[in-house]
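User: I have a model open and would like to learn how to read its features one at a time. Could you walk me through it?

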Amino acid sequence: MDLTLDEVLSLGAARRSCLQTAGVREPKDLLVRCATAIDRRRFHDMTGLGPDQLLDWALTLDLMRLPGVDADTARLLRTAGVDGVANLRDRRPSALVERLRELAPERLDLDEGRVDRWARASEALPRLVAL
């Protein structure tokens, strides 16, 4: 994950400033700082950023750990209801592809083979984000 926070999360100046003040400089910092509900509550208390927003960001970053999943694809997976890498393990690839195609019919690269590879890759990744 060599992208900046802005590239991944489309931050505005105020949110970027909150994150920087809290010592978050890159996406992996935020993923670590928002891994659990307790972490997100503490981070909320420190920054004023909402715990739900922090969870969404953490789950988006979590999905980006999968090979071939960029920020746009991670956001699309989140919109399709995928709550991070651990949740992807439990999804039926065919059903998820159907939902992804409903949401983004222009994304011809999203096929059952690709989703199945993500699901298999997710099995080797540790759970980093707890709902």
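**Reading the model step by step**

User: Where is T60 located?

Analyst: T60 lies in helix α5. Keep in mind as we go that this is a predicted model.

User: Is T60 buried or exposed?

Analyst: The idea is to look at relative accessibility, where under 20% is called buried. T60 has a relative accessibility of 3%, so it counts as buried. Leaving out residues up to four places away in sequence, T60 touches A74, R75 and R78.

User: What about D62, which also interests me? Where is it, and is it buried or exposed?

Analyst: D62 is found in helix α5. The relative accessible area of D62 is 3%, so this residue is buried. Its contacts, with neighbours within four places in sequence set aside, are L31, G84, V85, A86, L128 and V129. You can also place D62 by a distance: its C-alpha atom is 14 Å from that of L5, and the two residues are 57 apart along the chain.

User: Let me step back to the whole fold. How many helices and strands does the protein have?

Analyst: The protein has nine helices and zero strands. Read from the N terminus, the order of elements is α-α-α-α-α-α-α-α-α. The radius of gyration is 15 Å, close to the 14 Å that the globule rule gives for 131 residues, so the protein is as compact as a globular protein of that length. Along the principal axes, the C-alpha atoms fill a box of roughly 40 × 25 × 25 Å.

User: How do I read the contacts in terms of sequence separation? What part of them joins residues at least 24 apart?

Analyst: Here you take the contacts between residues at least 6 apart in sequence and ask what share spans a longer stretch of chain. In the protein, 51% of those contacts join residues at least 24 apart.

User: And what share of the residues is buried?

Analyst: Buried residues make up 40% of the 131 residues in the protein. On the outside, the protein exposes about 7,000 Å², with carbon and sulfur atoms supplying 48% of that area.

User: How should I think about the nonpolar core, and which residues have the most contacts inside it?

Analyst: In soluble globular proteins, nonpolar side chains tend to be buried together. In this model, the largest nonpolar core has 38 residues, and L19, L30 and F43 are those with the most contacts inside it. Two or more residues of this core come from each of α1 (5-9), α3 (27-33), α5 (51-63), α6 (71-79), α7 (84-88), α8 (93-103) and α9 (112-123). The largest share, seven residues, comes from α5.

User: Which residues is L19 in contact with?

Analyst: With neighbours within four places in sequence left aside, L19 is in contact with L5, L11, V24, L30, F43, L49 and W57.

User: L9 caught my eye too. Where is it, and which residues does it touch?

Analyst: L9 sits in helix α1. Its relative accessibility is 10%, so L9 counts as buried. Not counting residues up to four places away in sequence, L9 touches L30, W57 and R75. For a distance across the model, the C-alpha atoms of L9 and L88 are separated by 20 Å, with their positions 79 residues apart along the chain.

User: What does a partly exposed residue look like? Where is L103, for instance?

Analyst: Partly exposed covers the range between the buried cut-off of 20% and the exposed cut-off of 50%. L103, in helix α8, has 30% relative accessibility and so counts as partly exposed. Apart from neighbours within four places in sequence, L103 is in contact with L76, T79 and A80. The C-alpha atoms of L103 and T79 are 8.2 Å apart, and these residues are 24 apart along the chain.

User: Which helix holds Q20?

Analyst: Q20 is in helix α2 (residues 13-21). At 40% relative accessibility, Q20 counts as partly exposed. Its C-alpha atom is 10.0 Å from that of L5, which is 15 residues apart from Q20 along the chain.

User: One last feature: how far apart are the mean positions of the positive and negative charges?

Analyst: The approach is to average the places of each kind of charge and compare the two points. The protein has 21 positive and 22 negative charges, and their mean positions are 3 Å apart.

Definitions and conventions. Residues are numbered from 1 along each chain as its sequence is written. This is a predicted model: local features need pLDDT of at least 70, side-chain atom pairs count only at pLDDT 80 or more; totals for chains, interfaces and linings use all residues. Side-chain values use heavy atoms; hydrogens and water are left out. A nonpolar core is a set of buried Ala, Val, Leu, Ile, Met, Phe, Trp, Tyr and Cys residues joined through side-chain atoms within 4.5 Å. Buried means under 20% relative accessible area, exposed over 50%, partly exposed in between (1.4 Å probe, protein chains only). Helices (H or I, at least four residues) and strands (E, at least two) are DSSP runs, numbered from the N terminus. Contact means heavy atoms within 4.5 Å. The radius of gyration is taken over C-alpha atoms; the globule rule is 2.2 Å times the number of residues to the power 0.38. Accessible areas come from the Shrake-Rupley method with a 1.4 Å probe; for residues, only the protein chains shown count as cover. Lys and Arg count as positive and Asp and Glu as negative; His and the chain ends are not counted. The place of a charge is taken as NZ of Lys, CZ of Arg, CG of Asp or CD of Glu.
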